[in-house]
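User: Please take a close look at one sheet in this protein. I would like to know how its strands are arranged and what packs on them, with some context from the rest of the chain.

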Amino acid sequence: MSVLINSTAKIKILGQERKETETKGKGIFNNMEIEAGQANSFMWRESPLFWVIDNRLKNEKGIELEFWNHRFLKDIYDDFTPTQVVRKAAQVGFTTLKVLKSFNAAYYRNWNIIYLLPTFSAVQETIPSKVNALITNNPILSGWIKDKDSVFQKKVGKGFIYYRGTFANRIESEKLESGVGITLSADALIMDEADRSDQAILEQYESRLKASDYRGKWYFSNPSNPHTLSQKVWAESDQKHWFVKCGNGHWQYLDFFKNIQNGKFVCETCQKEITDEQRRNGQWIKKYLNRDISGYWISHLICPWISAEQIQKEYETKTRQYFYNFVLGLPYVGSDVALNKDIILRNIDISEPNWQKNNVLGCDSGLKKHWVLGNKQGIFRIGVADKWEEIEELIKIYDIETCVLDALPDLTEPRKLRDKYLGKVWLNYYKPEIKKADFISWDYKTRTVYSDRTKIIQQVIDDLVERKIRFQLKPEDLETYIKHWEAVYKIVEKNNLGIERDVWKTSGTEDHFVHATNYFRLALEKGQKEGTEIKSWIKEDKINTGLAPDISKIAEKSGRQYEL
Ligand SMILES: [Zn+2]
């Protein structure tokens, strides 16, 4: 066998020696029969990039893949670092990479892979349009994969790929798991659009890797917020940046604010124009040398087919969040997309709480039970209970009128309470898109309430912003409570029909008090009016029961805000 690698050169950039391996489209495997190629499967196994080039693989549109413009993808095709993370802009050729790399690994390494997408419907949409299209367009893949029609799993040689959505309801999940056995274990987890997935579910899936030596965790995502799981992994990675060299020999990575001027790419140091060819001929350079996690950052600035002018125009015409996430491939946090602590703190009401009547309780279930207690005048106690008996005590002591409990994860104890305090205790299930206008529905037969998670979070946030929810608590009592609220953030998602909508998501950290407040809000709604729609908050400032005045009036009088 002659040389597979056309050229190898060692170059030094910023003190890092880097081996540059070049492969051209006309390698010796080209046009070789599949059987003959199998004999060389060692190389195909070691380098998915060789495999892609030598088999002249095509993308889902039937166009042969090229690595002239997509040069920055070459290293990522061949990177088998167990934990790897890519923060990327939109449409950079990454879907094809993820799918082909997973097929290559399943076939040549006999791996079982769990391929996670944000939602159940994303799985139903992506598999036919991307995955099956790739199989159809590439005979080598059609030869490997017989059960092309299954949306949820594919057998690739001896390996399996299981496709799952992180936001799936329980019935969907159970149906899937029963089909493949309870012990679905894997060698690698591919987390596609990790930032738009259910963060807790992503973490749960990591336990499926225990039996494997490799334990691969591949996070590939368009970033949304810096607190998501994949962005935390990025922070701990070697953080590779694509460095380019200007005509005068200055190495640098491209930064929108420094390198784009008057619709042109220019060198940060000497202002000489940087050509498309120079952008193409970049190198991945690690920011941190001795880290085990491999990280890459792909922005539109390193895509030679996208001009400086186009990027400049996006900056001028799109929202800041869109520009950061989809053009720069960076997370974005603005006051319009997250709740900050000042919004909660300014709702502190220093007057005595009136807890004589109409008290309601919201409780987020789990190992620890986070609860929020109050009435229409405000929230006057929050806490964390270890046992359900403590929750029952609260129901008795405060003569709770309505209590809403999270039905999941373990239904047994909440159900007992519901049956013991019939009509008082309700179980909540989050259920998206119940109806357009009504996003809460009360089932009187089973004492169950169904609510739309995103809409109820939005409602509570609106109430907080409009100062309709007050806290008869001290700032120091609210520290953890505030942290939980800071874990939620808003992103824009497209549904199957391409319609954009706001969705509140939670980053990896805890958000139990957020949900406890949602349940508190539901319980209050139930007490106000036995309807289905959340009406605007009813203020009772004028009722003569020694009620707390509106916080805004206190702020006005005292002329100051409350701060931690
Ligand atoms: Zn220069």
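Analyst: The sheet comes first, followed by a helix with a buried side, two residues with unusual backbone angles, and the overall setting. The model is a predicted one.

The sheet is open and has seven strands, in the order S17-S16-S15-S18-S19-S21-S20. Its pairing is mixed. At the edges are strand S17 (378–385) and strand S20 (440–443), each of which pairs on one side only. Direction ignored, neighbouring strands are turned by 20° against each other on average.

Within this sheet, strand S15 (residues 360–364) pairs with strand S16 (residues 369–375) in the antiparallel sense, and five bridges join the two. One residue pair can be picked out here: Asp-364 has His-370 in S16 as its bridge partner. Helix H16 (residues 388–397) packs on the sheet, where it touches S15, S16, S17 and strand S18 (402–406). The direction of H16 makes about 5° with that of S16.

Another helix, H19 (residues 479–486), has three residues to note: Tyr-481, His-484 and Trp-485 are buried. They are on the same side of H19 because they cover an arc of only 100° around the axis. The general rule behind such a pattern is that an α-helix has 3.6 residues a turn, so residues three or four places apart point the same way.

Two loop residues have a positive phi without being glycine. For Arg-56, phi is near 45°, and the residue is found in the loop between helix H3 (48–54) and helix H4 (74–77). For Glu-193, phi is about 50°, and the residue sits in the loop between strand S7 (188–192) and helix H9 (199–205). Their surroundings can be described by neighbour counts. Arg-56 is partly exposed because 15 other C-beta atoms lie within 10 Å, a count between the limits of 12 or fewer for exposed and 20 or more for buried. Glu-193 has 21 other C-beta atoms within 10 Å and is therefore buried.

As for the setting, the protein has 21 helices and 23 strands. Of its 564 residues, 41% are buried. Among contacts with a separation of 6 or more, 69% are between residues 24 or more positions apart.

Conventions:
Residues numbered from 1 in each chain as written. Predicted model: local features only at pLDDT ≥ 70, side-chain atom pairs only at ≥ 80, totals over all residues. Pairing = 2+ DSSP bridges. Helix = DSSP H or I, 4+ residues; strand = E, 2+ residues; numbered from the N terminus. Axes fitted to C-alpha atoms, helices over the stretch in contact; angles between N-to-C directions. Contact = placed C-beta atoms within 7 Å. Arc of directions from axis to C-beta.
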